[in-house]
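Grab a coffee and work through these exercises with the model open beside you. Try each task before reading its solution.

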Amino acid sequence: MKKIFVIFSCVAIFTACSSDSEKTASTDSASTEAAVSEAPADSSSTDTASTSTTVTTTTTATPAAGTPAATTPAAAAPAGAIVINISTVSEEMRFDLKMFKVKAGQKVILNISNNDSQQHNLIIGKIGSLNKLGAAADALAMDPKAAELEYVPRSSDIFQASSLLNADENYTMTFTAPAQAGDYPFICAFPGHWRMMQGVMRVEK
Ligand SMILES: [Cu+2]
């Protein structure tokens, strides 16, 4: 009899937990699709703790069974990864970071938040490619396929690119930093934006 009761309560707890996490998941991703893991970017406002939370949520895309995860969030952070949060600044046509630094070969998790009412994206180019990428971005204004391309120019100088972000949309870019140290320019490639919306990812040895 006792056994049955124990089993029953386990099932009850499990059901409660999993329906809970479903609820959180659906409210968080209510905004739209695009972003891989948009939840943490918003809800994490306190720095150090949130950094690890962000990482965990990125890796643990499906909550469900492993309920104990809730109490040990930092565990799944990829070793040596760096988390960078960058946002567009509302009404100012710029990113809030002019530069961020990463280590060569390091795993990078770049959380991009579009806090502006306009659409923006973020592309990272090869060393020295700023003007070329800017020109390619401006040329998109004449390209009938630009929207389809999410305003990412067709260019071999692009190292990483986000999708086009609507107002209040977030995007998480995960990549391995280049092995070669140097300054890698990033811009918003929506035509005309790059002159204001640019910065540098500095890769250090
Ligand atoms: Cu833009």
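**Exercise 1. Where to trust the model**

Over which residues does pLDDT stay under 50, and how many contacts beyond four places in sequence does the model have for them?

Step one: pLDDT is the predictor's confidence in each residue, from 0 to 100. It stays under 50 over residues 1-75. Step two: two residues are in contact if their C-beta atoms, placed from the backbone, lie within 7 Å; by that rule the stretch has 65 contacts beyond four places in sequence. Step three: where pLDDT is low, the predicted coordinates should not be read in detail. Step four: for the protein as a whole, mean pLDDT is 75, with 62% of residues at 70 or more.

Two housekeeping notes. Residues are numbered from 1 along each chain as its sequence is written. This is a predicted model, where local features need pLDDT of at least 70 and side-chain atom pairs count only at pLDDT 80 or more, while totals for chains, interfaces and linings use all residues.

**Exercise 2. List the parts**

Work out how the elements follow one another from the N terminus.

Begin with the rule: helices (H or I, at least four residues) and strands (E, at least two) are DSSP runs, numbered from the N terminus. That gives four helices and nine strands. Now read along the chain: the order is α-α-α-β-β-β-β-β-α-β-β-β-β. As for how the chain folds back on itself, take the contacts with a separation of 6 or more: 70% of them join residues 24 or more positions apart.

**Exercise 3. Lay out the sheets**

Sort out the strand order in the two sheets, and find their edges.

Strands count as paired if DSSP finds at least two bridges between them. Start with the open sheet of four strands: its order is 2-1-4-7, with mixed pairing. Strand 2 (94-95) and strand 7 (170-176) are at its edges, and each has a single partner strand, so one side of each has no neighbour in the sheet. Strand 1 (residues 82-89) and strand 2 run antiparallel, joined by two bridges; in one of the bridges, Val89 is partnered with Arg94 of strand 2.

Next comes the open sheet of five strands, again with mixed pairing, in the order 3-9-8-5-6. Here strand 3 (99-103) and strand 6 are the edges, each with a single partner strand, so one side of each lacks a neighbour in the sheet. From one strand to the next, the twist averages 25 degrees. Strand 8 and strand 9 pair antiparallel over six bridges, and Gly182 has Val203 in strand 9 as its bridge partner.

**Exercise 4. Find the two faces of helix 4**

Which residues of helix 4 are buried, and which exposed residues sit on the face turned away from them?

First the cut-offs: a residue is buried if 20 or more other C-beta atoms lie within 10 Å of its own, exposed if 12 or fewer, and partly exposed in between, with C-beta atoms placed from the backbone. Leu133, Gly134, Ala136 and Ala137 are buried. Looking down the axis of helix 4, its buried residues fall within an arc of 165 degrees (taken from the directions from the helix axis to the C-beta atoms), so they line one face of the helix. These buried residues pack against strand 5 and strand 8. The face turned away from the buried side carries the exposed residues Asn131 and Ala135.

**Exercise 5. Two loop residues**

Is Asp116 buried or exposed? Then do the same for Glu91.

Asp116 lies in the loop between strand 4 and strand 5. It has 21 other C-beta atoms within 10 Å, so Asp116 is buried. Its C-alpha atom is 6.1 Å from that of Thr88, although the two are 28 residues apart along the chain. Beyond its neighbours within four places in sequence, Asp116 is in contact with Thr88, Ser90, Glu91 and Ala167.

Now take Glu91, in the loop between strand 1 and strand 2. With 10 C-beta neighbours inside 10 Å, Glu91 counts as exposed. Check the backbone too: phi of Glu91 is near 70 degrees, a positive value in a residue other than glycine. Most residues other than glycine have a negative phi.

Technical notes: Axes are lines fitted to C-alpha atoms, for helices over the stretch in contact, and angles run from 0 to 180 degrees between N-to-C directions.
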